[in-house]
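Hi,

Here is the structure I promised to pass on. Have a look at it first, and my notes on the strands follow below.

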Amino acid sequence: MALPAKLDRLLTRAEELRHELGTADGSRFGALSKELAEIEPVVAKVQELREAERARNDAEAMMADPEMRELAEAEFYEQRDRVPALEHEIRIMLLPRDAADERSAILEVRPAAGGDEAGLFAAELFRAYQRYAESQGWRFEVLEWDEAEAGGVKGASANITGRGVFAKLKFESGVHRVQRVPATETQGRIHTSTVTVAVLPEAEEVDVQINESDLRIDTYRASGAGGQHVNKTDSAVRITHIPTGTVVAMQEEKSQHKNRAKAMKVLRARIYEAQRQALAGARAADRKGQVGTGDRSERIRTYNFPQGRVTDHRIGLTLHKVDRVMMGEFEEIFSALMAEDQAARLAAEEG
């Protein structure tokens, strides 16, 4: 359907919703209000476009008057350039939305290749995400912090709560590579290490049906740098979802009950994301419109400390401020990834 016809239908639907809200009650009122709230930003932009089109046409007509021509020309050229810009904004707003974009997220960071150095960088990257979350006003709850002897981590995870968390962080899933001289390196040689990052949309119980009979739950005594109390009771929990083979272990809390609740939250998120990826994988057109596959085996970014640069390989973006990025200043990278994803999906829609 051509854009003008789509916009006409959208404006008509908004009027219908406003009219129906006057007589609706109960759950019907809630459903109508939600639909109207979702389309109102687009409706406002369409009205802005229509006003720009009218102003452009009026100015063009006024150009026939010699006395008004100079003034009318300035207005005409301004609105003529504004109309396609507004149309582009509207096309982006009309792109199909990822249903999980507005959700909170589960973040998992784990060392891959590189031994102790990978563990150290995993801890630093995890803290960088924590700083970014704090800058956004999101709640950052550490679910797991499995400390390694060298000071890094064997794995770390967090529940990041806020509006639109997954939309901002979802492109972080993949392999992150670090190139630097480790503190333990005596010859000054640059080492290359990698960590994996996974960002999963938080899943509610209604999203994923998990039967208790499909779970194997093991309890054991926690170990690591959690303090003496963790070793006195079987507070650590390992949950295996037998149908999918998904395993989640949790030992951060002193309480077995709390560890089980956290583990179930992560388990639901992993199963939900696996279902989403399977669905996306069945749509060839969707794959063309993605900045990254979200596959943890895909190398997505390099942090090169000797050169002070961060490079995102998917979009060819290089920033010479690795220290600032590691302080949580990811916004420039995230905005570029989101813009590239929008452009790719828009090209796929129009193609």
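As you browse, please keep in mind that this is a predicted model.

I would begin at V178, whose bridge partner in β9 is Y303. On the β5 side, V178 stands opposite S193. So much for the single residue; now for the strands around it.

How is β4 paired with β9, and over how many bridges? The two run parallel, with five bridges joining β4 to β9, the strand of residues 299–304. With β5 (residues 191–201), by contrast, β4 pairs in the antiparallel sense, and there the count is seven bridges. Is β4 itself buried or exposed? This strand, residues 174–180, is mostly covered, with seven of its seven residues buried.

As a general reminder, strands of a sheet pair through backbone hydrogen bonds, in either a parallel or an antiparallel way.

The other part I would like you to look at is an open sheet of three strands, in the order β6-β7-β8, where the pairing is antiparallel. Its edge strands are β6 (215–220) and β8 (246–250), each of which pairs on one side only. From one strand to the next, the twist averages 15 degrees.

Within that sheet, β7 covers residues 236–241 and is joined to β8 by five bridges, the two strands running antiparallel. If you want a residue pair to start from there, take R238, which has A249 as its bridge partner in β8.

Happy to talk it through once you have had a look.

Best wishes

Note on methods. Residues are numbered from 1 along each chain as its sequence is written. This is a predicted model: local features need pLDDT of at least 70, side-chain atom pairs count only at pLDDT 80 or more; totals for chains, interfaces and linings use all residues. Side-chain values use heavy atoms; hydrogens and water are left out. Two strands pair if DSSP finds at least two bridges between them. Helices (H or I, at least four residues) and strands (E, at least two) are DSSP runs, numbered from the N terminus. Axes are lines fitted to C-alpha atoms, for helices over the stretch in contact, and angles run from 0 to 180 degrees between N-to-C directions. Buried means under 20% relative accessible area, exposed over 50%, partly exposed in between (1.4 Å probe, protein chains only).
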